[in-house]
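Me: Before we accept any label for this model, I would like to see the reasoning behind each one. Could we go through them one at a time?

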Amino acid sequence: MIGNLHDTWNLTKKMSPSRMLNASGVLSSYHYSRLVGKPKHWAMPFSISIEPTTSCNLRCPECPSGLRSFTRPTGMLKENLFKNTIDQLQSTLSYLVFYFQGEPYLHPQFLDLVGYASSKKIYTATSTNAHYLNDEMAKRTIQSGLDRLIISIDGTTQESYESYRIGGKLDKVIEGTKNIIRWKKELKSLTPFVVFQFLVVKQNEHQIDAVRALAKEIGVDHVALKTAQIYDYENGSDLIPTIDKYSRYKKNEDGKYSIKNELLNHCWKMWHSCVITWDGKVVPCCFDKDAHYVMGDLQNQSFKEIWQSEKYNSFRASLLRSRSEIEMCRNCTEGTKVWAES
């Protein structure tokens with residue numbers, strides 16, 4: 001509880017007047033657009049995700065990085081591209097996620113990039129499989145100013161953990177987490193806020209209580225239970241949990257599966273956030289893993305030019321008209337409980 005309060009205060013104190021004004025503009029733009037049925041935007045995003053790398057050490061079965069199945073180029077984020085983007089957005093950007101695909105800690109300058117964003121008083125977060133959090137990297141993580149560290153654990157025994165995190169070692173995850181907690185104490189730091197992310201699948205759904213107990217034992221601040229996205233869900237999957245509240249999908253009378261939530265003709269993400277790939281492509285959201293819907297390129301356009309472009313507004317208009325026309329939206333769970341419980 002105390003950890004949650006510290007995290008909330010940490011985010012709140014970084015909300016400068018210009019960022020609060022921008023967030024208000026985002027909210028009003030979104031509701032106005034829904035009301036009139038036409039896209040209007042008079043603000044900048046207050047949250048973005050940026051991809052340090054597409055590389056990953058694991059082979060998770062529902063992940064393009066793990067499957068090595070990208071159709072787009074793979075690589076590492078360049079420092080100058082990152083800094084230029086942050087410099088453009090620093091007065092309006094409140095929340096920066098260093099993650100899209102891949103394992104962020106494989107980027108050799110990852111923590112330097114975090115430090116640069118932190119120096120601009122932007123709230124920073126990342127998600128990791130925790131295999132690279134040795135003693136030195138744990139200490140540097142604390143020193144970087146990272147505000148939130150999401151650690152994917154997905155099992156409390158090696159057998160259940162590796163059923164999804166193929167190639168992973170649970171003992172490395174636990175060791176890395178302990179290193180982070182220890183260095184937080186050593187350096188008397190309230191950050192990062194450490195989250196155990198538990199992706200609930202059939203193989204680990206019986207370990208929910210166990211992961212909470214493990215988090216408490218180690219000193220993790222929070223446990224988040226996440227539902228799994230399945231790409232080819234229509235005929236079912238061995239990963240779909242038997243506990244209905246932790247599944248994004250429902251089984252129909254004909255034996256086929258469908259997404260639980262209704263595909264509504266609006267999307268909050270199109271107004272408050274976006275994703276930037278390692279090579280500077282701006283895509284609408286995290287469901288566009290292969291960057292099929294590129295709104296612009298930061299290597300030859302400014303962010304504002306892309307965000308307010310006719311192309312982006314046309315995409316927003318298509319969502320307001322009919323989301324079912326957009327391929328990536330058909331397996332989207334926006335508006336339902338992507339986070340089953342926390």
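Reply: Gladly, with the reminder that this is a predicted model. We can begin with helix H6 (residues 135-144) and helix H8 (residues 170-186), which pack at an angle of about 50° with their axes 9 Å apart.

Me: Why are H6 and H8 called oblique to each other?

Reply: Angles under 35 degrees count as roughly parallel and those from 65 to 115 as roughly perpendicular; the angle of about 50° between H6 and H8 belongs to neither class, and the two helices are therefore oblique to each other. On the H6 side the contact is made by Asp-135, Ala-138, Lys-139, Thr-141 and Ile-142, and on the H8 side by Asn-179, Ile-180, Arg-182, Trp-183 and Lys-184. Sorted by class, this contact of H6 with H8 has four nonpolar, two polar and four charged residues, and the crossing is right-handed.

Me: What makes H5 roughly parallel to H6?

Reply: The axes of H5 and H6 cross at roughly 15° and come within 9 Å; since angles under 35 degrees count as roughly parallel, that is the label for H5 and H6. The crossing of H5 and H6 is right-handed, and the contact is made by Leu-111, Asp-112, Val-114, Gly-115 and Ser-118 of H5 together with Met-137, Arg-140, Thr-141 and Ser-144 of H6. By class, the contact of H5 with H6 has three nonpolar, four polar and two charged residues.

Me: How do you know that Lys-121 is exposed?

Reply: Its relative accessible area is 57%, and because exposed means over 50%, Lys-121 meets the cut-off. Lys-121 lies in the loop between helix H5 (110-119) and strand S3 (123-128), and its phi is near 60°, a positive value in a residue other than glycine.

Me: Why does Ala-291 count as buried?

Reply: Ala-291 has 16% relative accessibility, and because buried means under 20%, the residue falls on the buried side of that cut-off. Ala-291 lies in the loop between strand S10 (281-283) and strand S11 (296-297), and although it is not a glycine, it has a positive phi of about 55°.

Me: What makes those two phi values worth noting, and what should be said of the peptide bond between Thr-191 and Pro-192?

Reply: Most residues other than glycine have a negative phi, and most peptide bonds are trans. The bond that joins Thr-191 and Pro-192 is cis, with omega about 0°, and Pro-192 is found in the loop between H8 and strand S5 (193-200).

Conventions: Residues numbered from 1 in each chain as written. Predicted model: local features only at pLDDT ≥ 70, side-chain atom pairs only at ≥ 80, totals over all residues. Heavy atoms only, no water. Axes fitted to C-alpha atoms, helices over the stretch in contact; angles between N-to-C directions. Helix = DSSP H or I, 4+ residues; strand = E, 2+ residues; numbered from the N terminus. Parallel < 35°, antiparallel > 145°, perpendicular 65-115°, else oblique. Left-handed = near helix turned anticlockwise from the far one by under 90°. Contact = heavy atoms within 4.5 Å. Nonpolar A, V, L, I, M, F, W, Y, C, P; charged D, E, K, R; others polar. Buried < 20%, exposed > 50% of the residue type's maximum accessible area, 1.4 Å probe, protein only.
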